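Colleague: I'm new to this one. Could you walk me through how to read it?

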Amino acid sequence: MIERRDFLKGCLACGVTAATVSVASGKAMAAGSFEGYPDAMGVLVDLTRCVGCRSCEAACNAEQKLPEPDLPFDDMSVFKDKRRTTEKAYTIVNEYKVADKDTLYRKIQCNHCTEPACLSSCFVNAYTKTKEGAVIYNAKVCVGCRNCMIACPFNIPAYSYSSPLNPLVKKCIFCYDTRLKDGKPPACVEICPQQVMTFGRRADLIKLGHDRIQANPGKYVDKLYGEKAVGGTSWMYLSSVDFDKVGMDGHIQNEPIISNVKDFLGFVPMVLSIWPALFTGVHLLATKNKDGHHDHEEGDHQ
Amino acid sequence: MKQFLTRNPNTQIISSLRKDDDKGRPWTLMEKIFLGLTPQQYLSQAMSNPLNWIFAVIFLIGFPVLIGRYIFGLSWAVGDPYDNAWGLFLAFGLFGMVPLSSSGFQLGSAVEVFGRHDFEPIERLGILNGILGYFFAVMFLMVDLGQPWRLPYPMVVSWGPEAVLFLVAWHVATYLSVQAAETSTAFFEWMGWPAGKTFVKKMALGLAVAGIILSTLHQGALGALSTYAPGKVHPLWYSSSFQWLYFFVSSLPGGLCMVIVVSTIAVKTMQWRCDDTFKNSLSKLQIALAKGASMGLITYLTIRLIGIAHDNKWAYLGTGWGAWWMFEIGFGVILSLILLTAGIRNNSVALVRLGAWTTIIGVVLNRLNVYMFTFNWQQGHVHIPPIREIIITVTVYSVYIVTYRAILYRWPILFKWKTRYSDYAVLEPQPAAIAEAEAASSK
Amino acid sequence: MHAVKQKMILGITGILMMLVSNVCFGAGIPDKVSIGSIQKYYAPVSFNHAAHINRLKDCGLCHHHTTGAQVTDPNCARCHKNSGAQPVVSCKGCHVADPFTPEALKQQRDQQPPVYHRDKPGLKAAYHISCLGCHQKMNGPTGCQDCHKRNDGGDAIFKSGKHAPKAPAKPKTAHH
């Protein structure tokens with residue numbers, strides 16, 4: 001008798017927990033799809049214009065007060081390897097020699113997704129998608145689990161592993177603190193001599209991108225990469241060749257990364273609610289002995 | 001200890017609350033820690049154990065490297081793995097050890113929920129296996145996290161509830177408490193605090209059900225974590241719909257077989273510590289556990305195949321990775337099934353024990369494959385962790401083994417703690433039970 | 001005497017007319033253009049306008065239709081087929097130096113109807129897309145410093161020259 005009462009108290013506790021957790025995670029379960037903040041800014045990156053001058057890398061380094069690079073920014077020998085963003089380089093340019101076409105260059109940085117995977121995977125809510133469009137990071141709460149690095153489909157966040165006392169995630173923040181908050185374009189966009197990057201509202205850039213494709217028949221692949229990829233990204237790309245040939249995943253999913261885990265997350269409060277009764281029932285069915293009593297009704301067994 | 005006891009056969013290893021003479025004074029904590037030996041005797045028996053020499057070498061090399069990780073930063077230990085952010089500490093220490101520690105909720109529920117009290121001799125070992133595995137998984141986390149002092153942050157500082165890791169953090173924290181409570185009965189007996197034991201015993205059913213709930217969710221969640229990176233895990237190891245089920249179902253045979261393996265090691269290397277009940281019932285219980293494990297394994301094999309059919313990934317089986325997949329399934333699942341079922345059929349505990357080894361290796365290999373070896377498979381090279389990372393992993397795992405052994409030496413896990421009626425005078429047992437207890441203790 | 005004087009007046013008048021017409025037609029066409037807006041990082045560009053005129057002859061290659069050339073781009077011809085010469089012909093007359101300020105973006109958004117020159121590059125881009133594009137096709141100078149040498153500010157931001165990083169002890173490049 002005593003056991004059952006305690007047990008029912010346990011059930012109630014579980015039920016309350018289930019309700020709390022389902023309220024807290026209700027955002028993930030009940031929401032439809034998020035189309036983006038209406039005035040979110042974006043950047044259209046035209047790969048046909050980039051000449052690989054690396055001015056954007058230099059500007060970013062200066063604007064974000066990054067550590068000294070290993071090589072000067074006018075050193076083109078870096079193109080012999082395919083690089084990725086690091087704790088010291090929030091944006092880099094890679095060179096792609098495509099058969100039958102000229103050499104193309106691609107600028108790589110955080111794409112500031114509409115429903116970012118990094119944000120969806122962070123258990124301390126360190127990431128925020130601002131209404132200006134930037135995905136920013138709160139260094140004060142980051143524990144260093146690096147789930148965001150696992151989740152990002154573009155492999156952008158870099159962890160400052162070399163810091164013993166304050167290692168943090170480092171990535172492009174769309175120059176939010178110094179520029180985007182005031183509506184100004186980021187440093188890389190401003191310095192680019194070829195206007196590889198066009199800055200504006202994401203919604204306007206989508207129209208612009210498609211217009212540009214239409215105005216230049218045959219010049220571009222008829223796809224605005226990032227319009228739909230992983231739920232839409234603020235930084236979108238135009239290319240004259242297949243995106244797979246310039247190191248991008250042409251088969252990336254259109255659903256945001258969080259949709260991969262929504263079903264499992266929705267299952268959580270179900271288990272919290274159903275398992276107690278289910279296994280109590282199993283217990284009652286399994287442990288009735290011959291004279292119809294349960295073992296523990298007669299007192300504790302050691 | 002075995003050699004020591006052979007040389008000194010009349011030594012009384014502490015197995016009871018009180019000294020076994022007329023006065024019956026309770027053992028002190030220090031005496032209990034040294035098992036009734038003098039400190040010199042204890043040290044001499046420890047030195048003569050070759051395993052301890054191996055541990056000494058591991059710790060001599062490993063502890064400085066472990067401390068170096070904190071002084072010089074993570075990159076000194078693991079390099080700068082930007083693309084493979086999770087290495088051996090997590091793939092082995094957390095993802096590998098947690099399914100093998102599912103024995104806690106399985107044995108706990110077998111006894112408390114399903115009423116199978118015949119499993120009681122091995123129940124405490126299953127529960128201890130559970131809590132130690134989770135505790136050391138958290139220790140591995142403390143090594144891996146960039147800022148481990150911020151571990152409580154997802155509880156009390158900043159919530160990110162849409163993250164699967166949030167669920168894992170909360171569940172592991174809650175589940176550790178549940179397991180601590182379940183383990184505490186052995187601890188309270190050892191300390192001689194009967195009130196504590198009685199208090200916990202009252203919650204046994206609730207704790208067991210809580211254990212099932214929490215384990216279902218976090219074992220599954222550890223699999224769901226990989227669904228954040230669908231393109232990065234090789235398709236043969238990834239299922240968009242069923243990943244969490246793969247991990248949950250495979251944790252069941254993993255935990256049961258870990259108990260078989262540990263109990264086998266215990267009965268062979270710590271025979272002096274196991275009481276007759278344990279020794280006599282072990283073979284039968286191991287075969288019973290094998291029955292459960294083999295059902296888990298055949299289910300797991302089926303759902304892995306269903307997952308491949310569901311996303312039509314058969315073509316991958318013809319590749320190099322496909323061959324590796326067939327090795328993982330062939331060795332870890334199919335061979336294990338053959339050994340376990342042959343052992344059950346022929347009542348051969350030796351075959352069952354062998355099958356238990358192949359099962360736990362298979363489960364750990366699967367976790368290493370999902371989170372390390374096939375991770376970023378499209379980049380064309382397998383991430384091999386640097387040597388310091390390997391050293392630290394071996395070191396922490398050795399601490400786990402040493403802790404496990406220390407508890408098994410002392411606490412009443414493999415044997416029943418002898419008490420007298422007077423120890424329980426605060427309670428009111430039934431008259432029949434008193435007479436029974438007196439009769440038993442006077443034997 | 002009378003006939004010589006008449007020829008002389010005719011001759012001088014003729015020369016004067018040619019001079020006037022030449023001066024009138026050539027009025028305002030600079031031989032050299034110094035582009036100094038880049039002084040933050042580069043020394044000014046000394047652009048040899050005369051040489052380009054002599055070499056290319058077709059003003060429309062750079063100035064669209066504004067100097068009177070025929071419109072060739074079908075996207076432009078839709079509206080500018082008969083536009084002809086304009087009072088403003090310099091690049092900076094239409095291509096703004098800062099195309100992405102909030103004000104510039106708002107101006108572009110607010111134009112009614114919102115269809116004209118939506119994809120107009122800024123001034124810096126207009127120079128580079130036009131100049132570099134042609135140089136790439138005609139084997140002209142394509143390096144950054146071929147047209148404008150970096151000053152100390154430029155070396156500083158590019159971490160080059162005397163601002164170059166010291167050789168690292170262990171070269172670390174993060175690549176896949």
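Modeller: Sure, we'll take a chain, a residue, a helix and an interface in turn. Keep in mind that this is a predicted model.

Colleague: Let's start with chain C. How many helices and strands are there in chain C?

Modeller: Chain C has 9 helices and 2 strands. Reading from the N terminus, the order of elements is α-β-β-α-α-α-α-α-α-α-α.

Colleague: What share of the residues in chain C is buried?

Modeller: Of the 176 residues in chain C, 11% are buried. You can also look at contacts: among those in chain C with a separation of 6 or more, 37% are between residues 24 or more positions apart.

Colleague: And which domains does the assignment give for chain C?

Modeller: The domain assignment lists domain 1 as 1–30 and domain 2 as 32–161. Taken over C-alpha atoms, the centres of these two domains of chain C are 37 Å apart.

Colleague: Now a single residue. Where is C:Asn151 placed?

Modeller: C:Asn151 sits in the loop between α8 (144–147) and α9 (152–158) of chain C. Leaving out residues up to four places away in sequence, C:Asn151 touches C:Tyr41, C:Tyr42 and C:Ala43. For a sense of distance, the C-alpha atoms of C:Asn151 and C:Pro30 are 26 Å apart, with their positions 121 residues apart along the chain.

Colleague: Why is C:Asn151 called partly exposed?

Modeller: You count neighbours: 20 or more other C-beta atoms within 10 Å would make a residue buried, and 12 or fewer would make it exposed. C:Asn151 has 15 within 10 Å, so it is partly exposed.

Colleague: Over to chain B, then. How many residues of helix α8 (residues 103–112) are buried?

Modeller: As a general idea, an α-helix has 3.6 residues a turn, so residues three or four places apart point the same way. In α8 of chain B, 10 of its 10 residues are buried. Among them are B:Phe105, B:Leu107 and B:Val111, and also B:Gln106 and B:Glu112.

Colleague: What covers the buried residues of α8(B)?

Modeller: The cover includes α9 (120–144), α11 (164–191), α13 (204–224) and α14 (243–269) of chain B.

Colleague: Last one: how do I read the interface between chains B and A?

Modeller: In general, the size of an interface is often given as the accessible area lost when the parts come together. Here we can count residues instead: 55 of chain B are in contact with 59 of chain A. The largest share of chain B's side, 10 residues, comes from α13(B). By class, that side has 35 nonpolar, 14 polar and 6 charged residues.

Methods: Residues numbered from 1 in each chain as written. Chains lettered and ligands numbered in written order. Predicted model: local features only at pLDDT ≥ 70, side-chain atom pairs only at ≥ 80, totals over all residues. Helix = DSSP H or I, 4+ residues; strand = E, 2+ residues; numbered from the N terminus. Contact = placed C-beta atoms within 7 Å. Domains from an automatic or database assignment. Nonpolar A, V, L, I, M, F, W, Y, C, P; charged D, E, K, R; others polar.
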